[in-house]
Structure formats: C-alpha cells, structure tokens
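I opened my notebook for another look at a model with a ligand. Here is what I looked up, entry by entry.

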Amino acid sequence: MTLIRSEMVGFGHCLPTKVVTNDDLAKIVETSDEWIRTRTGIVSRHISDGETTGDLSFNAAQMALKTAGMTAEDLDMIIVATVTPDNTSPSVAAKISGRLGTKSGTICTDISAACSGFIYALTMADNMIRLGQIKTALVIGAETLSKIVDWTDRNTCVLFGDGAGAVVIRAKEGQGTSADTGILATKLYADGSHYESLVVLGGVSTTQTSGFVTMDGKEVFKYAVNALSQAAENVMEIAGVTKDDVDWILPHQANIRIIEGVGKKLDLPEEKVIVSVDHHGNTSAASIPLALSENYAAGRLKKGDLVVLTAMGAGFTWGGALVRI
Ligand code: ACO
C-alpha cells in the first residue's frame, strides 16, 4: 500500500561565533570546569554576540535549502520552534519568510513547546504533508536562551547555549513499511501539572516583561529519563521496529547524565547515542536539528540511517519521532 511520507531532504545549522568555556563562566559565577563537566557533560557553548534567533534561523534555513537543492520558492510552510522569538509578534517564521523571499501564500507560524518544540513542529508539518495540504516544509528549532538566563545564577546559567538547526521535509510516496525513507512515526505528550517545575518567569500578559529561566533541576532530571525513553519506545513500536533496527538515537541535549540514562534504559550501545551537549550546551528547541545537521554535514549520519529523535522540556512536554534519513 502506497502512502505519503515526509522525507528529510535538507539539513542546516548556525551557531553564534562567540564560544564561552566553563572556565569563562567560572570568572562570573562561583563554579568550576570540574563541577560543570561532571554534573552536565558540558565543556563549552556558543553565546549570541548580537545575533538574534531570527538571524540564526535564517542562516540555518539557507543551509538547509542549499543541501536540499531547493529555493525559498519551493516552500509551502515555515514553522519555527522557539521560546526566544525576535518579537512577541509576528512570528520568527514570518521574518524568515520575508528574508528568504518565499512565494506569497507560504504558511508561517512559530510554536512554543520549549525543548520539545522541534519534535512538535516536525510532527505538525509531517501531518500537513501526509494530509496533502502542503508538499514542502522548512522546520526550524532556534534559540537565544542566553537572553533569558540570569547570568548571576550558577544553577542555570552554566546549562544553556544558543543556536539554530533546520530541516527541509518534502512529500514522497512510500510503501508504508519501515524500509521507507522519511518520517515513519511521531508521538507527542504533555502534562501541564508540572507547569511550575521549569518556567521562564514573566510574560506579556502578566508582567509585560520577559524574565529568567527557573527550574527544579532534580525534578526535571528525574522526569526526563523516563519521558525521553517512553517517547523513543513508543515511536519504535508504532513503526514496528526494534532497538536493534535503529542506527542512532538522538535525545534532546540537556545533560550527559540524562542522555546516558536514556541509552541505558533503552539498552542501546553508547556508539549509537548522538551527543553534542559537550560543545552546544542545552539549546532547547534547537538541540535536535542542530545535532542532526552537524552530524549529517560531518558524514556521520547517512542516507538510509534509522534515527530515533526524542525530546522533553517545559510544560512538561515531550515527544519522539522515528526517521529514516
Ligand atoms: N557550580 C557549582 N555548584 C553548583 C552549580 C554550579 N554551576 N550549580 C549548582 N551548584 C550547587 C548547588 O548550589 C547545590 O549546592 P548545595 O548542595 O550547597 O545547595 C549543589 O551544587 C547541587 O548539587 P547536586 O545535587 O549534585 O546537583 P545535581 O546533580 O542535581 O545537578 C543539575 C544539578 C545539573 C541542574 C541537574 O539537576 C540537572 O541537569 N537537571 C536537569 C535540568 C535541566 O536540564 N534543565 C534544562 C531544561 S529541561 C530539559 O532540557 C530537559
């Protein structure tokens, strides 16, 4: 039985040029390279030196279009996952659309699902493609979290980084089996009873400002390993594949101990677990597409590879996607 799949045909990413090491952070808060490395696995992160979420998104989008061999004219939809938009309104997607010069009528929207944002955006674009409403979508995860981090709070400021990743997905006829290329399964979840556990304080409707990230780190940590593993297991089950069929797992890059916990829970060998938290930090919605594009550009991820994507973040929200590149 033939059916429409969304195939990933282009990958792009962009990082701010400024790199901040753990030793740099030890000069502004009471911390150490040793503490940050052992608790989080982070060694350095890129921090905006003026680049906005829109700037990083635009550069990632251009690279994704180039690797897809497409132009902005080909896009039917742009969807940007972010919690750090350039303006409260309009969307970053609309800004990118204008800068890229898409055709009139290209759908533009942003989505707010924190660290799960890219999986949410990918799922929604995939569903629109499978319904036949669009043929080609540009899906971006982008953040300048450095703008909402309290640089005097060592509990949070050491964890985050800035960056953007983008993929172009396009309709392609598949056979309806797990041998198809493209997105084979997606699954989204949320549990709003954990709203207070990870919050960016303030907002347009409450304080007319944007505040800083605050969190109950231990609670997030405990929840994350289970949520990330659950989403990964469910998408494999939906697609009818097992962990042995999977070439790679790419979990949201929050903390190396969470990532390793997921690998262990799913009984996947270390070599199959993609890690970029060491040099990106936690870039929230950007973390998965950034790592996808970086690894694709490096030749590590190849056409035909079966990859599990899994993310969890504020809300709590979480979700997974199974993709054959
Ligand atoms: N440097 C030195 N000491 C620090 C630092 C720091 N940067 N930050 C906190 N500490 C101190 C605390 O003040 C505390 O001291 P106290 O015991 O005297 O009060 C102590 O270290 C806490 O140490 P641990 O309990 O060993 O810390 P833990 O192992 O829980 O690690 C961490 C903390 C890294 C925040 C962990 O809980 C975590 O990663 N949680 C997940 C949070 C997360 O990833 N959030 C991102 C968004 S959600 C997501 O992406 C999934």
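My entries below go from the ligand to the aromatic rings and then to the backbone.

**Entry 1: the ligand shell**

I note at the outset that this is a predicted model. I began with the residues around the ligand and found 22 of them. The closest are T31, R39, K218, H252 and N255. By residue type, I sorted the shell into ten nonpolar, seven polar and five charged residues.

Which helices supply at least two residues of the shell each? I listed α2 (33–40), α6 (154–157) and α7 (217–239). Of the contributors, α7 gives the most, with four residues.

Then I asked where the ligand lies with respect to domain 1 and domain 2. Domain 1 spans 3–174 and domain 2 spans 182–324. Both give residues to the shell, so the ligand lies between them.

**Entry 2: polar atoms at the ligand**

I looked up three distances here. A polar side-chain atom of T31 is 2.6 Å from a ligand nitrogen atom. For G217 the backbone takes part: a backbone N or O atom lies 3.0 Å from a nitrogen atom of the ligand. N282 places a polar side-chain atom 2.9 Å from an oxygen atom of the ligand. I then checked the cover: the ligand taken alone exposes 1000 Å², and the protein buries 74% of that.

**Entry 3: N255**

I came back to N255 since it was in my list of the closest residues to the ligand. N255 sits in the loop between β11 (248–251) and α8. Is N255 buried or exposed? Its relative accessibility is 8%, so I wrote it down as buried.

The side chain of N255 also has polar partners in the protein backbone. One of its polar atoms lies 3.0 Å from the backbone oxygen of R39, a residue that is also among the closest to the ligand. A polar atom of the N255 side chain also lies 2.7 Å from the backbone nitrogen of R257.

**Entry 4: aromatic rings**

A search of the whole structure gave me four aromatic pairs. I took Y223 with F316 to begin with. Their ring centres are 4.7 Å apart and their planes meet at 45°; that angle falls between the 30 and 60 degree cut-offs, so the pair is tilted. The pair links distant parts of the chain, with Y223 in helix α7 and F316 in the loop between β12 (306–313) and β13 (317–324), 93 residues apart.

How exposed are the two partners? Y223 has 21% relative accessibility, so I counted it as partly exposed. F316 has a relative accessible area of 0%, so it is buried.

Y223 also pairs with W318, this time edge-to-face, at 5.5 Å centre to centre and 80° between the planes. This pair too links distant parts of the chain, from Y223 in helix α7 to W318 in strand β13, 95 residues apart. W318 is buried, at 7% relative accessible area. Finally I noted that Y189, Y223, F316 and W318 form one aromatic cluster.

**Entry 5: cis peptide bonds**

I kept in mind that most residues other than glycine have a negative phi, and most peptide bonds are trans. That made the next residues worth a note.

Which residues does a cis peptide bond join, with omega about 0°? I found S89 and P90, and P90 lies in the loop between β4 (77–81) and α4 (92–100). I also found a cis bond from G315 to F316, with omega near -10°. F316 is in the loop between β12 and β13, and I had already met it in the aromatic cluster.

**Entry 6: positive phi**

I noted two residues other than glycine here. A114 has a positive phi, near 50°, and is placed in the loop between β5 (107–111) and α5 (117–130). D267 has a positive phi, near 60°, and is placed in the loop between α8 (256–265) and α9 (277–280).

I then looked up the surroundings of both. A114 is buried, with a relative accessible area of 13%, whereas D267 is exposed, at 52%.

Note on methods
Residues are numbered from 1 along each chain as its sequence is written. This is a predicted model: local features need pLDDT of at least 70, side-chain atom pairs count only at pLDDT 80 or more; totals for chains, interfaces and linings use all residues. Side-chain values use heavy atoms; hydrogens and water are left out. A residue is near a molecule or strand if one of its heavy atoms lies within 4 Å of it. A polar contact is a pair of N or O atoms within 3.5 Å; within protein, one must be able to donate a hydrogen and the other to accept it, and residues adjacent in sequence count only if both atoms are side-chain atoms. Accessible areas come from the Shrake-Rupley method with a 1.4 Å probe; for residues, only the protein chains shown count as cover. Ala, Val, Leu, Ile, Met, Phe, Trp, Tyr, Cys and Pro count as nonpolar, Asp, Glu, Lys and Arg as charged, and the others, Gly among them, as polar. Domain bounds come from an automatic or database domain assignment. Rings of Phe, Tyr and Trp (its six-membered ring) pair if their centres lie within 6.5 Å; planes under 30 degrees apart count as stacked, over 60 as edge-to-face and the rest as tilted. Buried means under 20% relative accessible area, exposed over 50%, partly exposed in between (1.4 Å probe, protein chains only).
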